[in-house]
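Biologist: I would like to walk through this structure with you slowly, one question at a time. Please show it to me before we begin.

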Amino acid sequence: MAQILLIDDQPSILTSLSILLKRQGHKVTCGRNNSEAEHFLDKQQFDLVITDLRMSKPLAGMDVLRATMSRQPLVPVIIMTGYATIENAVEAIKAGAFDYITKGFSNQEFLQKVDRALQRGKHAGEVYGHERPDVHKQIIGHSNAMMEVLRLVDKVAASDSTILIQGESGTGKELIARAIHMKSLRRHHPFLAINCGAFPDTLLESELFGYTKGSFTGASRDKNGLFVAASQGTLFLDEVSEMSQAMQIKLLRVLQERAVMPLGSTVTQHVDVRIIAATNRDLISEISKGTFREDLYFRLCVVPVNIPPLRDRKEDIPALMQTFISRFAERLHKPTLTLEPQALDLLLAQTWKGNIRELENFAERLTLLVDKQPVKAENIRDLLPAGESKDTEVYSSLADQEREHIITVLEKFGWNQSKAARYLGIGRTTLWRKIKSHGIPIK
């Protein structure tokens, strides 16, 4: 059962869709304009917002979208639009809407869209009205790439399997590690993290394994290492590829024997801890170069989790940006900025080599330095590093996007239309109709 906010200025549509949703077991709150939407969003938590695009004013649905993103940024929004305004759905998708649906839809198509949106909301942080741990709320994104990561997190969290998280710097590897811990049976025990590249060998060894009094100058007492301190919890080894060969051998022995020997001691201590490691390097390449041990790689990489770079999940940028500027506005006691479509286009066109971390830094810089509303493309351009602004056309028409996506899915399933339709969350007849309308040649 989900809490759904339904906004439309036509009573007949509100009534029919409300009945349809209630028959599925959902609770529905109805409103007729963006003002009522804001009132309800301030009053209670929702799992999904569905709004008409054209109401009392031409693009009132965009106001509902913006109100949702500022008040409940993880809640997916579905835009209902007519054929005459389908091009406006491009702006809605760019601004952060989860999906759109063209009026004249069947009950089945509508409910499939609702189910997909609720599934996104479940992974993004809200599970049918029940709040997930705070760390999950920080994982923002509904792109297919991130949904795959979150589905894998759900699958592996309950086990004690060792996990290797791979991804470029700034993609949120530690955030994913914390999410795995918080969904595991170890969540009531410590989650401890260490950057393996931040310490010389001797210090890293003492930090991980501990030491006894007098084992080296300055060791005035016994100290447990992180393996013992994280007992029954999770130890996150960030940038594990930065370990020296000598430390790799010592870590391998601990993973094999599940026991540590503190510096200066001759007695081993049993450890019960789950290991999650992370790296921004290609470890297979490092193995071929002789800088990383193959046996350690196989110990760590029981379950590989690959975090996509931001350039491969650009559809998440609007929601990420909205979340960041809302967060910084509150922290800096400034108004929450809104972005013109052209400004968002410019953000979508950037490479973001530093990934989410760079985008977050840019959002803070934008909030600090820009006071005029709404933010224009030239404001974005002025704050981007010299030589990095790309004024390319990010999106073609929404119809072109849909056509390309359908072709990609058909190719994925060997042009089997039944499987493709199930994957897309639409009926086979609807898929056939879209294939014909887009002029897709059938293989």
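Modeller: Before we start, a residue counts as buried when its relative accessible area is under 20%, as exposed when that area is over 50%, and as partly exposed in between. Please keep in mind too that this is a predicted model.

Biologist: With that cut-off, how many of the residues of β3 are buried?

Modeller: Strand β3 has two faces, and on one side Leu48, Ile50 and Asp52 are buried, while on the other side Val49 and Thr51 are buried as well. Both faces are therefore covered, because each of these residues falls under the 20% limit. The number of buried residues in β3 is five of five.

Biologist: In which order do the strands of the open sheet that holds β3 follow one another?

Modeller: We can build the order from the pairs, beginning with β1 and β3, which run parallel and are joined by four bridges. Strands β3 and β4 also pair in the parallel sense over four bridges, and four bridges join β4 (residues 77-81) to β5, again in parallel. With β2 included, the five strands have the order β2-β1-β3-β4-β5.

Biologist: Which strands stand at the edges of this sheet?

Modeller: In an open sheet with the order β2-β1-β3-β4-β5, we look for the strands that have a single partner strand, so that one side of each is left without a neighbour in the sheet. From one strand to the next, the twist averages 20°. The edge strands are β2 (27-31) and β5 (99-102).

Biologist: Which residue of β4 is the bridge partner of Val49?

Modeller: Val49 belongs to β3, where Val49 is also the bridge partner of Leu5. Further along the sheet, Ile78 stands opposite Asp99 in β5. In β4, the bridge partner of Val49 is Val77.

Biologist: At about what angle to β2 does helix α1 run?

Modeller: Helix α2 (residues 34-43) is a useful companion here, since α2 packs on the sheet, touches β1, β2 and β3, and makes about 140° with the direction of β2. Helix α1 (residues 11-23) lies across β1 (3-7), β2, β3 (48-52) and β4. The angle between α1 and β2 is about 165°.

Biologist: Let us turn to charged side chains. Which residue meets Glu168 in a salt bridge?

Modeller: Side chains of opposite charge can pair when their charged atoms come close. The nitrogen and oxygen of this pair are 2.4 Å apart, and the partners are 143 residues apart, with Glu168 in the loop between β8 (163-166) and α8 (173-183) and the other residue in the loop between β16 (303-306) and α14 (317-332). Glu168 is partly exposed at 27% relative accessibility, and the partner is partly exposed at 38%. That partner is Arg311.

Biologist: Are Arg313 and Asp316, which also form a salt bridge, buried or exposed?

Modeller: Their side chains meet with N to O at 2.9 Å. Arg313 has a relative accessibility of 2% and Asp316 one of 0%, and because the limit for a buried residue is under 20%, we can place both of them. Arg313 is buried, and Asp316 is likewise buried.

Biologist: How many residues apart in sequence are the parts that Glu360 and Arg327 tie together?

Modeller: These two form a salt bridge, with their closest N and O atoms 3.3 Å apart. Glu360 is partly exposed at 24%, and Arg327 is partly exposed at 29%. Glu360 lies in helix α16 (residues 355-369) and Arg327 in helix α14, so the parts they tie together are separated by 33 residues.

Biologist: The backbone nitrogen of which residue lies 3.0 Å from a polar atom of the side chain of Thr279?

Modeller: Thr279 is in strand β15 (residues 274-279) and is buried, with a relative accessible area of 0%. Leaving aside neighbours within four places in sequence, Thr279 is in contact with several residues, among them Leu164, Lys173 and Glu239. The residue asked for also belongs to a network of salt bridges with Glu242, Glu286 and Lys289, and that residue is Arg281.

Biologist: Finally, how many salt bridges does a search of the whole structure find?

Modeller: The protein chain has 20 helices and 16 strands, and 50% of its 443 residues count as buried. Across the whole structure, the number of salt bridges found is 20.

Note on methods: Residues numbered from 1 in each chain as written. Predicted model: local features only at pLDDT ≥ 70, side-chain atom pairs only at ≥ 80, totals over all residues. Heavy atoms only, no water. Salt bridge = Lys/Arg side-chain N within 4 Å of Asp/Glu carboxyl O. Buried < 20%, exposed > 50% of the residue type's maximum accessible area, 1.4 Å probe, protein only. Polar contact = N/O pair within 3.5 Å; in protein donor to acceptor, adjacent residues only side chain to side chain. Contact = heavy atoms within 4.5 Å. Pairing = 2+ DSSP bridges. Axes fitted to C-alpha atoms, helices over the stretch in contact; angles between N-to-C directions.
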